[in-house]
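User: Hey, got a minute to go through this structure with me? I'd like to start with the overall picture and then get into the details.

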Amino acid sequence: NPPGTYAKNRITAPKSSKNDRITKALVQTPHRSLPKAMLLEKFKETLMSVLPIVAIVLVLNFTLVPLEPQLLGRFALGTVSLIAGLAVFLLGVEIGLTPVGNLIGHAIARSNKVAVVLVSSLVVGLFVTVAEPDLHIYGASVDNLTGGAITKMTLVVVVSIGIAVMLTVGMMRIVRNFSLRAVLLAAYLLVGILAVFAPPEYLAVSFDASGATTGALTVPFVLAMAAGVSAMEKDSSRSEADAFGLVAIASVGAILSVLITSLLVNQGQLSSDAASVEIADISAGTAFVHFFLEQLHDVALGMFPIVVTFGVGAAFLFEVSRRKMRRIWTGMGVAFVGLVLFLTGVNTGFMDVGRFLGRSLAEDFDWRVLLGVAFVLGLVTILAEPAVYVLMNQVEDVTSGSVRRSSVMSFLAVGVGLAVVLSTARVIVEGMELWHILLPGYLIALALMFFVPELFVGIAFDSGGVASGPMTATFVLAFSQGAAAGTPGSDVVLDGLGGIAG
């Protein structure tokens, strides 16, 4: 059966068959079939990514900001857990989560029914986002920071609804061949209008939530769904372009939903809870066990909807051989273990170290030192984001290597470094607000997208989403909050939030 084609106002796709070659292709894993060799490759990749962050923390420890032995021990244990967890998680994504997302995206597109596309995208988007561990981490941070004025579950539910709606819009864009530029322009114009009337505190929360949502679990799934749908198009150049942009469109939903909620339920100015930025005084072993048990629950909650979705899909929507079925189930189990270890490592050592460094540098050193460290942290933190590697791998796969992931990664790291500098400058420069950074940035980005190929539009806006994953949502955000807590006259809510948004 040939790949399906899309007319302007109609979905056409081949009927299902047991030996459908597209379905087979979507569950194929790369030629590196030996799990041990793949794991070793992921471990080397992860080690080279995380070592720069470790090096910066150690240099600061031995020069400007000595860490307490207990905090340094937690950081060391967290680093080991983070490296091992990230390597295992990336292996699980490659052999488990990515094939599942591809199959679901393919099944949605080949259904030949707009209603199926709408309902399936809405349900999958809601399930995956509610389960995103990064969103729960950020929700807990906002809950603590605002003293419960914005609860964790309220933020998770509101953001999940927004993501699900915009994910549906993004899927319909692919199957109906709508312009990515037009959809992004319309979405951000609406964001701009709502931002004018929304309280300033919620502006930071909404943009930060958008970044935290596109984390280690959501991004692989959404990217794979986009690839699964776009792979059915006859036009290869069109298929390449449509493989990207879905993350960008979906992430706008978080911004819109939080801003709309802030207008409907205006709680006035949010007061900060200063205790939320204090450094926890617990041993490395106690912290590891505590966060490990906590992440077992959160990640299990996150993986459960995906497991159910795949089980239902395998029973009714697509057929997969027993061997590939076992491989996918194994991959999801591996991803679960890896994500638990990764997030445990992040919480065990990285959050409090980030707060401590930000607060100490703001209190004891010149602003140039603070901004210099902020740039370097932003530069290297992006190298440890698991979702970034998922996107970079897809960039190379979809473009058959014509767009090198190393090139995209280099520009992305520099861009994030400058963004973290601007976000930190907002803490120490009186009168500088978040919209002073966001408005020019988005205007430039929206203008540039009319002068570059649509493939790069999707890659660029997707990169903005994946850049703000668990490392940014924890270490960089904690660094910003610490800097705000250590700067006289600074507000931890107004100035401490917004680091992810930048």
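Analyst: Sure. One term before we start: contact means heavy atoms within 4.5 Å. Among contacts in the chain between residues at least 6 apart in sequence, 85% join residues at least 24 apart.

User: And what kind of model is this?

Analyst: This is a predicted model, where local features need pLDDT of at least 70, side-chain atom pairs count only at pLDDT 80 or more, and totals for chains, interfaces and linings use all residues. Residues are numbered from 1 along each chain as its sequence is written, and side-chain values use heavy atoms, with hydrogens and water left out.

User: Ok, what does the secondary structure of the chain come to?

Analyst: There are 20 helices and two strands. Those are DSSP runs numbered from the N terminus, with helices being H or I of at least four residues and strands E of at least two.

User: How much of the chain counts as buried?

Analyst: Of the 502 residues, 57% are buried. Buried is under 20% relative accessible area, exposed is over 50%, and partly exposed is in between (1.4 Å probe, protein chains only).

User: Which residues have the most contacts inside the largest nonpolar core?

Analyst: Y138, L184 and L357, in a core of 131 residues. Helix α13 (residues 322-364) gives the most to this core, with 15 residues. By nonpolar core I mean a set of buried Ala, Val, Leu, Ile, Met, Phe, Trp, Tyr and Cys residues joined through side-chain atoms within 4.5 Å.

User: What is L184 in contact with?

Analyst: If you leave aside neighbours within four places in sequence, L184 is in contact with A248, I249, L446, M449, V457 and F461. There's also a second, separate core of five residues, including M38, V88, L91 and I95.

User: Switching to charges. How many salt bridges does the structure hold?

Analyst: Four. The criterion is a side-chain nitrogen of Lys or Arg within 4 Å of a carboxyl oxygen of Asp or Glu. One of them is R74 with D352, with the closest N and O atoms 2.6 Å apart.

User: Why does that pair tie together parts far along the sequence?

Analyst: R74 sits in helix α3 (residues 69-110) and D352 in helix α13, so the pair links parts that are 278 residues apart in sequence.

User: What else does D352 pair with?

Analyst: R355 forms a salt bridge with D352 too, at 2.8 Å between the closest N and O atoms. Both lie in α13, three residues apart, about one turn of the helix. So R74, D352 and R355 are linked in a network of salt bridges.

User: Are those residues buried or exposed?

Analyst: R74 and D352 are both buried, with D352 at 5% relative accessibility. R355 also counts as buried, at 11%.

User: And where is R368 in all this?

Analyst: R368 meets D366 in a salt bridge, 3.2 Å from N to O. R368 is exposed, with a relative accessible area of 55%, while D366 is partly exposed at 34%.

User: Last topic: how do α14 and α16 pack?

Analyst: Helix α14 (residues 367-381) and helix α16 (residues 405-428) pack at about 145 degrees, with their axes 7 Å apart. Axes are lines fitted to C-alpha atoms, for helices over the stretch in contact, and angles run from 0 to 180 degrees between N-to-C directions.

User: Which residues meet there?

Analyst: Among them are W367, L370 and F375 in α14, and V414, L418 and I428 in α16.
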